Amino acid sequence: MSRMCRATINSRNGLAFAFRSEQAFREELIALLLAIPLAWLIGVTPVRRLELVMVVLLLMVVELLNTAIEKLADRLTTDHDPQIGRVKDMGSAAVAVMLLIAGAFWLFAIAERIGLI
């Protein structure tokens, strides 16, 4: 039980740090707050509604991992290092791919709602 309590505190601290330090995370939190009611309007089934919310949560997970990579890389060296730059670029690319996936999910659900699919 003690380990679970510490893990919960660590998770809360990580979320709080991300909220304070990362504009992208704050924007994605706003997207999540908007996604919850919009999913009820757009999703034609309970499963589709859940998928729409979960894909935004998954985007936030990828953003948190990208932020962790960037913070760790910045901690390793403040000098310009091409390899570290490529690692940071890959983290950013992961966020971009996840944004495309999330967008595709939402566009599909909208097309489904209006009867195109």
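These are my notebook entries on a predicted model of a protein chain.

**Entry 1. Overall fold**

I began with the secondary structure. The chain has four helices and zero strands, and its elements run α-α-α-α from the N terminus on. I then looked up the radius of gyration, which is 17 Å; the globule rule gives 13 Å for 117 residues, so the chain is more spread out than a compact globule. I also took the extents of the C-alpha trace along its principal axes, which are about 55 × 40 × 20 Å.

Next I checked how contacts distribute along the sequence. Among contacts with a separation of 6 or more, 67% are between residues 24 or more positions apart.

I recorded the surface totals as well. About 8,100 Å² of the chain is exposed, and carbon and sulfur atoms supply 70% of that area. Of the 117 residues, 26% count as buried.

**Entry 2. The nonpolar core**

I asked which residues touch the most other members of the largest nonpolar core. In this core of 18 residues, they are Leu52, Val55, Val56 and Trp106. The elements that contribute two or more residues to the core are α2, α3 and α4. Helix α3 provides the largest share, with seven residues.

I followed tryptophan 106 further. Setting aside residues up to four places away in sequence, I find that it touches Ala35, Leu38, Ala39, Ile42, Leu52, Val55 and Val56. Three of the residues named above for their many core contacts, Leu52, Val55 and Val56, are therefore among the partners of tryptophan 106. I note for context that nonpolar side chains tend to be buried together in soluble globular proteins.

**Entry 3. Salt bridges**

I searched the whole structure for salt bridges and obtained four. As background, side chains of opposite charge can pair when their charged atoms come close.

I looked up glutamate 22 and lysine 71, whose side chains meet in a salt bridge at 3.3 Å, N to O. This pair links distant parts of the chain, 49 residues apart: glutamate 22 is in the loop between α1 (2-21) and α2 (23-42), and lysine 71 is in helix α3 (residues 46-76). Is glutamate 22 buried or exposed? I count glutamate 22 as buried because its relative accessibility is 13%, under the 20% limit. Lysine 71 has a relative accessible area of 35% and is partly exposed. Leaving aside neighbours within four places in sequence, I list Thr67 and Lys71 as the contacts of glutamate 22.

I then turned to glutamate 112 and arginine 48, which form a salt bridge with the closest N and O atoms 2.7 Å apart. Glutamate 112 lies in helix α4 and arginine 48 in helix α3, so this pair also links distant parts of the chain, 64 residues apart. Arginine 48 counts as buried, at 17% relative accessibility.

My next pair was aspartate 74 and lysine 88, with the closest N and O atoms of their salt bridge 2.6 Å apart. Aspartate 74 lies in helix α3 and lysine 88 in helix α4, so the pair ties together parts that are 14 residues apart in sequence. Aspartate 74 is partly exposed at 40% relative accessible area, and lysine 88 is partly exposed at 24%. I also noted that salt bridges with shared partners join Arg48, Glu51 and Glu112 into one network.

**Entry 4. Asparagine 66**

I placed asparagine 66 in helix α3. What does asparagine 66 touch, not counting residues up to four places away in sequence? I find Lys88, Gly91, Ser92 and Val95. Asparagine 66 is buried, with a relative accessible area of 6%. Lysine 88 thus appears in my notes both as a contact of asparagine 66 and as the salt-bridge partner of aspartate 74.

**Entry 5. A nonpolar surface patch**

Finally I looked for nonpolar side chains on the surface. Leu107, Phe108, Ile110, Ile114, Leu116 and Ile117 form a patch there, and their accessible area together is about 640 Å². I examined isoleucine 110 from this patch and placed it in helix α4 (residues 82-113). Isoleucine 110 counts as partly exposed because its relative accessibility is 36%, which lies between the 20% and 50% limits.

Conventions:
Residues numbered from 1 in each chain as written. Predicted model: local features only at pLDDT ≥ 70, side-chain atom pairs only at ≥ 80, totals over all residues. Heavy atoms only, no water. Patch = residues over 30% accessible without salt bridge, like charges linked within 9 Å, V, L, I, M, F, W, Y side chains within 5 Å. Areas by Shrake-Rupley, 256 points an atom, 1.4 Å probe, with all protein chains shown as cover. Buried < 20%, exposed > 50% of the residue type's maximum accessible area, 1.4 Å probe, protein only. Core = buried A, V, L, I, M, F, W, Y, C linked by side-chain atoms within 4.5 Å. Contact = heavy atoms within 4.5 Å. Rg over C-alpha atoms; globule rule 2.2 N^0.38 Å.
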